[in-house]
Amino acid sequence: MGSHAAGGSQAPPTATAGGGETQRTHVAFIFYPSIGIVVFAFDKFINSHGLLMLLFHTNRYPYVTGTSVIALKYKDGVIMACDTGASYGSTLRYKSVERIKAVGKHSLIGASGEFSDFQEILRYLDELTLSDHMWDDGNSLGPKEIHSYLTRVMYNRRNKFDPLWNSLVLGGVKKGPKGDEKYLGMVNMIGTHFEENHVATGFGNHLAIPILRAEWREDMSFEEAVKLVEKCLLVLLYRDRSSINKFQIAKITTEGSTIYPPYSLKTYWGFSHFENPAQGAVGSW
Amino acid sequence: MNVYLGDSGLAGDCGGRREGGGREGRKKQGGDCKLLGSQRMHGGPACPSVSPSPPSSPLFLAKWQLRLPSLLRLHRGPHRTRPPFFPRSPILEKKKKATPPPPPPPPIKIVTRARRDPQTLPHAGKVGTLESTRRLKEGEGASRMFRNQYDTDVTTWSPQGRLFQVEYAMEAVKQGSACVGLRSSTHAVLAAANKPASELSSYQRKVFRVAEHAGVALAGLTADGRVLSRFLRNECINHSFVYEAPLPISRLALRLADKAQRSWKRPYGVGLLVAGLDETGAHLYYNCPSGNYFEYQAFAIGSRSQAAKTFLERRFEGYNDYTPEQLIKDALSAIKETLQGEKLTSANCTVAIVGRKDDGTIEPFQMIDATRIQEIIDSMEAAEEAPPAEPSSMQEEERTSDAAPMDI
């Protein structure tokens with residue numbers, strides 16, 4: 001009846017006396033191609049993103065993030081350091097966040113990236129270490145085992161398009177058959193993992209690693225290691241906009257782990273350019 | 001109660017029923033019920049003759065009652081209709097009574113398990129109730145155990161608190177040929193006696209490698225043992241994959257024991273000696289079909305294992321400090337005890353070892369090859385180290401210190 005059946009009509013056009021044929025074709029021009037477009041778009045989406053993206057609400061963006069963590073092996077064990085800030089986008093929102101934690105008797109874990117995902121990882125590790133503790137059979141999880149476990153977790157989450165948005169640093173010392181074995185490794189949100197003498201995450205990759213590569217030596221003493229770490233942290237403080245001047249250093253040895261209270265580094269702003277910033281500026285007023 | 005037969009349970013015929021039934025009667029009398037007309041057959045649903053009240057008592061019918069074809073209404077007068085189905089002629093009824101009632105069906109024979117009178121058995125007087133089983137001598141097997149009504153199902157307890165199916169599974173372990181395990185603080189050794197099924201066949205494999213750091217020796221149903229070995233290998237591999245570290249032996253033994261607790265399956269008829277290396281040193285566990293497992297310094301299972309156990313009991317206290325070679329020699333001696341006079345050769349036995357070497361590296365689980373075993377046997381015989389074995393026939397008391405297998 002009339003031309004009301006055109007456009008977004010849901011029911012197929014019914015045959016009416018007389019103008020039925022033309023109505024059907026009019027609807028067909030709009031209805032069937034629109035289905036085709038929807039199917040085409042859906043198909044493209046599925047092929048590029050995967051079915052899981054439709055089904056699950058996945059974590060696509062980090063919200064509260066921590067910045068870099070740096071760590072290196074020294075004579076007695078492993079030293080790890082980071083700042084205590086967590087940013088909400090570009091706001092330096094939380095200023096007393098502990099991003100390095102002890103795991104079991106033998107390891108330290110430090111994380112950059114989404115802080116809530118780090119808390120979730122700590123919960124998983126809690127379960128692991130608790131069941132180990134309840135066994136009470138003399139076996140305990142060393143840093144290598146925890147690193148391997150975290151790699152599996154991170155990689156599997158990434159495969160489900162729901163990553164834990166972190167770069168993790170795992171360090172520890174465990175008595176092995178050949179004596180004390182120091183271990184330092186890193187896993188990131190896509191499951192890349194490796195073991196190294198010195199690691200850094202985030203901006204530390206660009207600013208701290210070159211310093212570490214130049215100045216790290218085997219068997220540094222604790223004081224030397226702290227000096228090197230502070231040098232890297234200072235560079236990060238000057239150059240990384242999301243780091244704050246409040247740092248925490250932690251170490252792990254065969255005796256156990258120690259996380260030192262936070263402290264600040266002395267910064268120097270007495271450069272000549274800062275004294276009279278408008279000196280070279282030319283303006284009409 | 002069949003309304004069509006007019007079977008109201010009374011003396012029962014409609015008063016107007018015709019004698020002599022059949023079509024003839026109907027034709028004679030004109031057939032249909034006079035009151036209700038041709039649609040209402042005698043004995044049909046509207047036939048008042050099926051009313052509960054006796055048909056012979058006359059009732060005065062009011063006019064309105066005449067118009068209602070109600071089942072409760074009686075009608076007087078002779079019935080001219082026949083029942084729609086079977087004739088209820090008294091002649092036939094008489095015939096029915098004449099035939100004797102069919103004989104009752106023969107009682108169904110309930111076949112029960114033969115129950116031997118305990119008094120006729122050789123050990124009469126030594127046992128109490130029918131349900132208790134005598135502790136058996138070594139090597140006798142289950143054939144002398146009482147069968148009882150609690151042993152069909154693995155989910156049935158006996159009044160004494162025993163699960164007989166599980167105990168029978170443990171008997172199966174005793175049927176297998178002997179296996180021996182012993183350990184020091186750094187090494188663990190498993191040895192098995194090879195008994196070929198016939199002269200033409202090879203022997204059944206009894207020692208399996210489960211991971212680089214662990215292996216098992218089994219006695220009992222080897223098919224079940226194969227299944228369990230595969231399970232253990234799987235567990236070790238999964239743990240290695242996630243943690244990149246060997247599965248500790250106590251946790252391996254626990255997983256195996258958990259697998260025995262399946263109520264819908266028969267118990268696994270195989271006992272496993274699980275030996276392996278840990279962070280804390282070498283360990284040896286014995287896993288029972290009952291799901292129990294214990295750690296041992298040295299143990300022996302299978303047939304004629306009591307002789308080996310006696311041998312090991314005398315010497316186990318020094319095992320923690322033994323070198324691997326000493327452990328292997330003791331394992332071979334223990335196997336020799338179970339062979340009962342047969343000559344011990346490298347064809348008769350399998351030996352495997354796992355341990356941690358002095359430099360800290362792991363010595364992976366592997367069988368020792370036959371030539372090396374023969375060398376060790378030869379050196380043993382030359383030195384005549386092992387004291388003469390006590391014959392096992394002297395072992396009358398058997399496992400006196402053990403409680404019933406479930407009593408833990």
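**Stop 1: the annotated stretch of chain B**

Start by selecting residues 150-172 of chain B, where an unreviewed UniProt entry places the feature "domain: Proteasome alpha-type subunits". Keep in mind as you look around that this is a predicted model. Colour the stretch by secondary structure: residues 150-172 of chain B are 39% helix and 0% strand. If you draw a distance between the C-alpha atoms at the two ends of residues 150-172, you should get 18 Å.

Now pick Ser158(B), which sits in the loop between helix 3 (90-98) and helix 4 (164-175) of chain B. Is Ser158(B) buried or exposed? Its relative accessible area is 6%, so Ser158(B) is buried. Show its surroundings as sticks: leaving out residues up to four places away in sequence, Ser158(B) touches Tyr150(B) and Phe164(B).

**Stop 2: a serine inside helix 5**

Next, move along chain B to helix 5 (residues 222-243) and select Ser229(B). Ser229(B) is buried too, with a relative accessible area of 2%. Which residues does Ser229(B) touch, if you do not count those up to four places away in sequence? They are Phe208(B), Val210(B), Val216(B) and Leu218(B). Take Val216(B) as an example and draw a line from C-alpha to C-alpha: Ser229(B) and Val216(B) are 7.6 Å apart in space, with their positions 13 residues apart in sequence.

**Stop 3: a stacked ring pair**

Select Tyr296(B) and Phe299(B) and turn the view until you see both rings. A pair of aromatic rings is described by the distance of the centres and the angle of the planes. Here the centres are 4.0 Å apart and the planes differ by 20°, and the pair is stacked. Over all chains, the count of aromatic pairs comes to 12.

Try showing the surface around these two rings. Tyr296(B) has a relative accessible area of 21% and is partly exposed, whereas Phe299(B), at 12%, counts as buried. The cut-off for buried is under 20%, so the two partners fall on opposite sides of it.

**Stop 4: helix 7 of chain B**

Go on to helix 7 of chain B, residues 305-315. How many of its 11 residues are buried? Eight are, and helix 7 is mostly covered. To highlight the buried ones, select Ser305(B), Gln306(B), Ala307(B), Ala308(B), Lys309(B), Thr310(B), Phe311(B) and Leu312(B). What do these buried residues pack against? Colour strand 1 (179-183), strand 8 (298-301) and helix 8 (324-338) of chain B to see their partners.

**Stop 5: two helices that cross**

Keep helix 8 of chain B on screen and add helix 9 (residues 370-383) of chain B. Two packed helices are described by the angle between their axes and the distance between the axes. For helix 8 and helix 9 of chain B, the angle is about 80° and the axes are 10 Å apart. The two helices are therefore roughly perpendicular to each other.

Now show the side chains where they meet. From helix 8 of chain B, select Glu325(B), Ile328(B), Lys329(B), Leu332(B) and Ser333(B). From helix 9 of chain B, add Arg372(B), Ile373(B), Ile376(B), Ile377(B), Ser379(B) and Met380(B). The residues of this contact divide into six nonpolar, two polar and three charged.

**Stop 6: over to chain A**

Switch to chain A and select Tyr74(A), Phe222(A) and Tyr260(A), which ring pairs link into a cluster.

Then look at two loop residues with a backbone feature in common. Phe161(A) lies in the loop between helix 4 (143-159) and strand 8 (166-176) of chain A. Although Phe161(A) is not a glycine, its phi is positive, at about 60°. Phe161(A) is partly exposed, with a relative accessible area of 39%.

Asp219(A) is in the loop between helix 6 (209-215) and helix 7 (222-239) of chain A. Its phi is also positive, near 60°, in a residue other than glycine. At 44% relative accessibility, Asp219(A) counts as partly exposed.

**Last stop: zoom out**

Finish with whole chains. Chain A has eight helices and 13 strands, and 41% of its 285 residues count as buried. Chain B has nine helices and 10 strands, with 44% of its 408 residues buried. For contacts in chain B between residues at least 6 apart in sequence, 63% join residues at least 24 apart. In chain A, residues 24 or more positions apart make up 60% of the contacts with a separation of 6 or more.

Methods: Residues are numbered from 1 along each chain as its sequence is written. Chains are lettered from A and ligands numbered from 1 in the order in which they are written. This is a predicted model: local features need pLDDT of at least 70, side-chain atom pairs count only at pLDDT 80 or more; totals for chains, interfaces and linings use all residues. Side-chain values use heavy atoms; hydrogens and water are left out. UniProt positions are given in the numbering used here, feature names are shortened, and annotations may be inferred rather than shown by experiment. Helices (H or I, at least four residues) and strands (E, at least two) are DSSP runs, numbered from the N terminus. Buried means under 20% relative accessible area, exposed over 50%, partly exposed in between (1.4 Å probe, protein chains only). Contact means heavy atoms within 4.5 Å. Axes are lines fitted to C-alpha atoms, for helices over the stretch in contact, and angles run from 0 to 180 degrees between N-to-C directions. Angles under 35 degrees count as roughly parallel, over 145 as roughly antiparallel, 65 to 115 as roughly perpendicular and the rest as oblique. Ala, Val, Leu, Ile, Met, Phe, Trp, Tyr, Cys and Pro count as nonpolar, Asp, Glu, Lys and Arg as charged, and the others, Gly among them, as polar. Rings of Phe, Tyr and Trp (its six-membered ring) pair if their centres lie within 6.5 Å; planes under 30 degrees apart count as stacked, over 60 as edge-to-face and the rest as tilted.
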